[in-house]
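Colleague: I have just opened this model and would like a close look at a single part, with strand pairing in mind. Could you pick one spot, go through it slowly, and then place it within the rest?

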Amino acid sequence: MAEGITHPPIEVDRRHTALYARALQAMPGGVSSPVRAFHGVGGTPLFVDRAQGPWVWDTEHNRYFDFVGSWGPLVLGHSHPAVVQAVRTAACSGTSFGAPCETELELAEWVVAHSPVAERIRFVNSGTEATMSALRLARAVTARDQVVKFDGCYHGHADPFLVKAGSGLATFGESSSAGVPASTAHCTAILPLDDLSALHAWFSEHGSKTAAVIMESVPANYGLLPQTEEWLQTVRELTRTHGSLLIVDEVITGFRLQPGGFCERVNLQADLVTYGKVIGGGLPVGAYGGPAEIMKWIAPEGPVYQAGTLSGNPLSMAAGLATLRHLEQESGWEQLEELGAYWESLLHPAIQRECEQASPISLTCVGSIFWLCFHTTESPRSIEAIPSQSKDRYQRFFHELLRRKVMMAPSAYEVGFLNLSMKKIELEAAAQEVAAALEASR
Ligand SMILES: *Cc1c(COP(=O)(O)O)cnc(C)c1O
């Protein structure tokens, strides 16, 4: 963040370069998850040394104001004392038991009490595991194989979800990653978001074969593409009519928007829900839940196999529970909403100014999640509506912002996250840097 003086020119830092060169010799692309490699914006990834509240420090001791927030989980900010204390206490009593524990039960009870969907919950270790397992369950319950996914939604990296729309008029998907069998991809149909006629067309032809429709409650992995109430309710009605299950993926929105997630906010009755990110308080957790009647199909009660050596481990459960309890005690969800509205109001003048300079920008905000899209003033609702030049401008903006010591995601299609550690005065300063970076990147 500006301490008032001039900013250094964009340059690749020597220590980062050295670490990255080493990383490339040890890990594919030098990273454990692809988007971290900065391929979306160019340059060398920062190596993070430590983080506290809204700040991260790189290995050069530069301090950045962080809107990435580990891509969503850190709703209280980095290294929150309540979470750290809970994890420390838990670790002293054992890091993994491979047996039920009370913290796991308490988190399960908390989720069941607050989720409008989950009467029963199964803990796994990532969002990917949650969606993959929920789909297996839906296929078992319906005795059907076909699944529908929307273009622009992300549900982790399990085979059935690494699928893109087929060419021409074909509705059945093609794999979007090497290594996914064509037969698997073929079982996933890709439909566009925000398109009622595509939904009706699919269900009138393939409804009776469709095990499940999976959707992000608010699509937030290809920009932020909130859908209309009408579209959401149409998905609900068509799945119900045709005996397909509706899986709502709340891995980002669950426990961030409000205790019952997005489903509660818009009164959307999902059949199955998936959670991740916030529910683990920054440690690896995922979960899926639904009515007791459906969840009883899971082993050991039922025939759908799904297991995990470290699932429900006491560290992750303690971090998740501490996060949720803190949110509850501190009116966290109201505060996050307020923070989101404040951030939006702070960015508004700069965006207005850019638009007047013939450099249109849209800002989309849903609670504490936000996204800037360039070359349009209208918030897109589908990936087709995102201008292709938006990406180039974002690259320039990202680097201008980074050298002003504000960190946003290294990709034009990733959203930003606010968290409760961010003070208004800090957001005001960050908004000034955003305004300067916008001007400099025109
Ligand atoms: C992050 C994410 C996932 C995958 O979760 P991982 O923990 O990264 O496996 C699934 N669905 C949505 C909506 C996500 O944002």
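Modeller: Happy to. First, a term: two strands are said to pair if DSSP finds at least two bridges between them. Please also keep in mind that this is a predicted model.

The part I would pick is the hairpin of strand 2 and strand 3. Strand 2 covers residues 55-58 and strand 3 covers residues 63-66, and three bridges hold them in an antiparallel pairing. As general background, strands of a sheet pair through backbone hydrogen bonds, in either a parallel or an antiparallel sense. Across this hairpin, tryptophan 55 faces phenylalanine 65 of strand 3. Four residues lie between the two strands, and histidine 61 has a positive phi, near 70 degrees. That is worth a pause, since most residues other than glycine have a negative phi.

Now follow strand 3 to its other partner. Strand 3 also pairs with strand 15, residues 406-407, this time in the parallel sense and over two bridges. Here aspartate 66 of strand 3 sits opposite methionine 407 of strand 15. Strand 3 therefore has an antiparallel pairing with strand 2 and a parallel one with strand 15, by the rule of at least two bridges.

Histidine 61 has some company in its backbone angle. Leaving strand 3 toward helix 2 (81-92), you come to a loop that holds serine 79. Its phi is positive too, near 55 degrees. Serine 79 has 36% relative accessibility, which means that it counts as partly exposed. Before the hairpin, the loop between helix 1 (14-26) and strand 1 (48-52) holds phenylalanine 38, whose phi is near 70 degrees and so positive in a residue other than glycine. Phenylalanine 38 counts as buried because its relative accessibility is 6%, where the cut-off for buried is under 20%.

Another backbone feature to find on your screen is a cis peptide bond, running from alanine 299 to proline 300 with omega near 10 degrees. Proline 300 is in the loop that joins helix 9 (292-295) and helix 10 (314-329). For context, most peptide bonds are trans.

To set beside the hairpin, look at an open sheet of three strands, ordered 13-14-16 with antiparallel pairing. Strand 13 (361-366) and strand 16 (416-417) each have a single partner strand, so these edge strands have one side without a neighbour in the sheet. Strand 13 and strand 14 (residues 369-374) run antiparallel and share six bridges, with leucine 363 partnered by leucine 372 of strand 14.

Finally, step back to the whole protein, which has 13 helices and 16 strands. Its radius of gyration is 22 Å, which agrees with the value near 22 Å for a compact globule of 442 residues. The C-alpha atoms occupy a box of roughly 65 × 55 × 45 Å along the principal axes. Of the 442 residues, 55% count as buried. Among contacts with a separation of 6 or more, 72% come from residues 24 or more positions apart. The exposed area is about 18900 Å², with carbon and sulfur atoms supplying 52% of it. As for charge, there are 33 positive and 47 negative side chains, and the centres of these two sets are 5 Å apart.

How values were computed. Residues numbered from 1 in each chain as written. Predicted model: local features only at pLDDT ≥ 70, side-chain atom pairs only at ≥ 80, totals over all residues. Heavy atoms only, no water. Rg over C-alpha atoms; globule rule 2.2 N^0.38 Å. Buried < 20%, exposed > 50% of the residue type's maximum accessible area, 1.4 Å probe, protein only. Contact = heavy atoms within 4.5 Å. Areas by Shrake-Rupley, 256 points an atom, 1.4 Å probe, with all protein chains shown as cover. Lys, Arg positive; Asp, Glu negative; His and termini not counted. Charge placed at Lys NZ, Arg CZ, Asp CG, Glu CD.
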